[in-house]
Amino acid sequence: MRALNNILPLVKNETIKMIKKKRFYVILLVLIVLVPMFTYAQLRQAEDKREKFGTDWRREVQQAITDNQNSLGSDRVPEEWKKYRRIYIQQMKYYLEHDVNPREPGGVSFTREFLDNAATLFIPLLIMGIASDIVSSERTSGTIKMLLTRPIRRWKVLLSKLITLQMFVSLTIIATCVICYLISGLFFGYSGLNLPVFTGFQLQGAEVDISGVHAVPQWLYIVMQAGLIWFVSVVVACLAFMVSVLVRSTSASIVIMMAALIAGNILTNMAASWTSAKYLFMVNLGLTHYLAGTPAPIEGMTLGFSLIVLAVWGACSLLVSFLVFTKQDILN
Amino acid sequence: MKSASRIWRLAGTVSALSTLLLLGGFIYAVTDIMNPSAAKGSLEVPSALEEHETLAGAWDMTVIGDSLAKGTGDDTGKGFARRSVELLQEQGHESKLINNLGINGLDTEKLLSMLDDPGVRHALQQAGIIVLSIGGNDLFDGTERMASSEHMPTPEEIEEAVSVHSEHYRQIVAELKEINTQALLVYVGLYNPFSDLEGIKETGNDAVARWNRMAQETLNEYEGTLIVPTYDLFTLGPVRYLASDHFHPNADGYQAIAERMVQGLARE
């Protein structure tokens with residue numbers, strides 16, 4: 001308890017620094033600028049579809065099924081893509097059989113789709129933006145000496161920074177959801193919180209086992225998505241934290257993390273035959289795919305596997321951070 | 001310093017609540033994914049798709065069947081589906097393509113099982129005109145085999161193939177008429193893509209002729225049906241209307257079929 005009492009003022013100090021440095025405002029600003037762009041693009045797409053299919057979503061879904069069935073017969077389509085499409089076809093048929101629109105237009109549906117797309121790159125990049133300079137900036141500006149000359153153990157200084165970082169990770173994710181909902185609602189309307197979404201598609205090779213499929217209200221689905229993205233973000237934050245401890249320059253730490261994240265996105269698209277890539281953290285960022293029932297990028301990946309891989313990477317990076325920070329000499 | 005205190009209290013509370021919410025969502029999601037059956041029944045799954053009231057416009061078209069229905073071989077991608085809708089629109093009819101459900105390589109058996117899909121049934125029910133193209137893959141199954149092997153199918157074998165698949169065809173027509181009783185059913189007759197290849201020309205002609213007669217006879221049993229002949233288009237100089245794969249029509253071929261179809265559809 002005494003230790004906690006010691007830590008709280010430090011966390012408070014760090015939080016105020018974070019707000020005063022306007023790092024979090026930058027994140028909010030990025031969201032407020034970019035989300036309307038995504039929304040507008042989506043709106044144009046919806047108008048385009050309405051022109052072709054009217055308000056009849058069933059025809060649209062059926063056409064999507066037929067188009068995918070057509071590509072299954074082509075020899076030029078790689079086998080992995082066919083697997084994706086077979087699964088997609090079976091899911092869409094399930095929606096049609098139960099007369100549920102998989103993409104009911106609305107602010108809530110937009111948020112759900114946005115989170116799916118943002119989970120592996122966009123949100124981790126935002127997290128990186130607040131995490132990368134949390135230690136290295138103190139070193140760049142020289143204020144680290146002032147922090148460490150106070151009669152407080154070094155690990156407590158670092159821990160307070162870590163706690164602050166994780167606080168802002170949560171805030172970033174909640175802010176993403178809220179901003180997304182508020183802005184897209186302006187265009188699409190705010191309804192749709194209780195629309196059913198199907199989850200529980202279990203994949204067995206290219207076959208979908210629908211015995212566990214059940215509907216959840218859309219708001220709950222978004223909470224589940226946000227929870228999974230939160231776990232990913234916590235791990236990404238830990239890694240960025242470590243890089244920030246290890247590397248003196250803020251820009252170098254940003255480049256390192258960014259390269260790792262983008263490499264992950266490239267790898268997930270082409271690593272299917274290099275199976276040991278599944279032990280890399282950046283291939284495991286798409287936890288929401290397990291919720292939606294889309295196949296994992298590499299054979300043999302499951303939710304449990306991804307969680308363990310991420311947890312191990314996160315724990316190792318914390319270990320390294322604390323070991324290095326408490327031992328290293330602060331020179332200049 | 002007071003404002004700093006307020007910032008801290010606000011940020012602290014909001015982030016603590018957010019973390020709790022996210023943690024809850026995370027745990028819920030993990031248990032749900034790990035054990036999906038347990039969460040079943042948390043929200044009532046809507047019942048199966050009920051048949052919707054038909055609001056079909058008389059000229060609205062749904063196309064179903066094989067690669068010909070899809071428009072394979074047409075460089076513009078329109079196929080006879082879009083082309084005939086365009087022609088109808090030029091004549092001043094309010095026509096649109098509801099769905100093109102053509103799938104490459106579809107045969108009568110696969111089409112028959114496809115007719116159970118609720119989405120397919122829905123698309124068919126929205127149409128005033130249903131265009132069917134099927135049978136080519138049943139007769140010319142493995143065209144390479146037919147063209148390359150020394151073994152030419154005997155007339156008996158052709159008879160056999162026609163009779164087996166024509167049973168499927170009858171079921172398809174009956175099913176289509178049951179799904180949508182109002183719509184006009186248009187069948188696109190078969191042609192022989194090998195009519196310029198010596199050796200398999202006669203066999204192909206024979207198969208196509210038998211099939212088309214069977215198709216015509218089947219349709220005669222129903223009201224509101226139409227067969228569009230295409231056989232003659234490809235008999236003399238088929239190169240003119242065939243795509244480079246020497247099997248599917250090209251853009252001109254599809255245009256010719258569409259014009260045929262629209263001529264038959266023209267009514268006051």
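Immediately after helix α2 of chain A, G54(A) adopts a positive phi of about 65 degrees in this predicted model. The helix that precedes G54(A), α2(A), covers residues 23–53. With 31 residues, α2(A) extends 45 Å between its first and last C-alpha atoms, close to the 45 Å expected at 1.5 Å a residue. Three residues of α2(A), namely I27(A), V35(A) and T39(A), are buried. Residues three or four places apart in an α-helix point the same way, because the helix has 3.6 residues a turn. The buried residues of α2(A) pack against three further helices of chain A: α5 (107–118), α6 (122–131) and α9 (154–188).

A positive phi also occurs on the other side of α2(A), in the loop that connects α1 (2–20) to α2 of chain A, where K22(A) is placed. K22(A) is not a glycine, yet its phi is positive, at about 60 degrees. Most residues other than glycine have a negative phi. K22(A) counts as exposed because it has 11 C-beta neighbours inside 10 Å, the limit for an exposed residue being 12 or fewer.

Chain A as a whole contains 13 helices and four strands. Its C-alpha trace spans about 70 × 45 × 35 Å along the principal axes. Of its 332 residues, 42% count as buried. Among contacts in chain A with a separation of 6 or more, 77% are made by residues 24 or more positions apart.

In chain B, the domain assignment gives domain 1 (2–39) and domain 2 (61–265). The centres of these two domains of chain B, taken over C-alpha atoms, are separated by 58 Å.

Chain B contains an open sheet of five strands in the order β2-β1-β3-β4-β5, with parallel pairing. The edges of the sheet are formed by β2 and β5 of chain B; each has a single partner strand, so one side of each is left without a neighbour in the sheet. From one strand to the next, the twist averages 15 degrees. In general, the strands of a sheet pair through backbone hydrogen bonds, either parallel or antiparallel.

Strand β1(B), residues 61–65, is joined by five bridges to β3(B), residues 129–133, and the two strands run parallel. Within this pairing, the bridge partner of T62(B) is I130(B), and that of V63(B) is V131(B). Five bridges likewise join β1(B) to β2(B), again in parallel; here G65(B) stands opposite G102(B) of β2(B). Strand β1(B) is mostly covered, with five of its five residues buried. M61(B), V63(B) and G65(B) point one way from the strand, whereas T62(B) and I64(B) point the other way, and all are buried.

Helices of chain B lie across this sheet. Helix α5(B) lies across β1, β2 and β3 of chain B and runs at about 140 degrees to β2(B). Helix α9(B), residues 201–220, lies across β4 (184–188) and β5 of chain B, and its direction makes an angle of about 165 degrees with β5(B).

The loop between β5 (225–228) and α10 (251–265) of chain B holds H246(B). This residue, which is not a glycine, has a positive phi of about 55 degrees. H246(B) counts as partly exposed because 15 C-beta neighbours lie inside 10 Å, a number between the limit of 12 or fewer for exposed residues and that of 20 or more for buried residues.

The contact of the two chains takes 46 residues from chain A and 45 residues from chain B. On the side of chain B that touches chain A, the elements giving two or more residues are α1 (2–34), β2 (97–102) and α5 (118–125) of chain B. The largest share of this side, 20 residues, comes from α1(B). By residue type, the side of chain B that touches chain A divides into 26 nonpolar, 15 polar and four charged residues. Two of the contributing elements thus also belong to the description of the sheet: β2(B) is one of its edge strands, and α5(B) lies across β1, β2 and β3 of chain B.

Notes. Residues numbered from 1 in each chain as written. Chains lettered and ligands numbered in written order. Predicted model: local features only at pLDDT ≥ 70, side-chain atom pairs only at ≥ 80, totals over all residues. Contact = placed C-beta atoms within 7 Å. Nonpolar A, V, L, I, M, F, W, Y, C, P; charged D, E, K, R; others polar. Expected span 1.5 Å × (residues − 1). Domains from an automatic or database assignment. Pairing = 2+ DSSP bridges. Axes fitted to C-alpha atoms, helices over the stretch in contact; angles between N-to-C directions.
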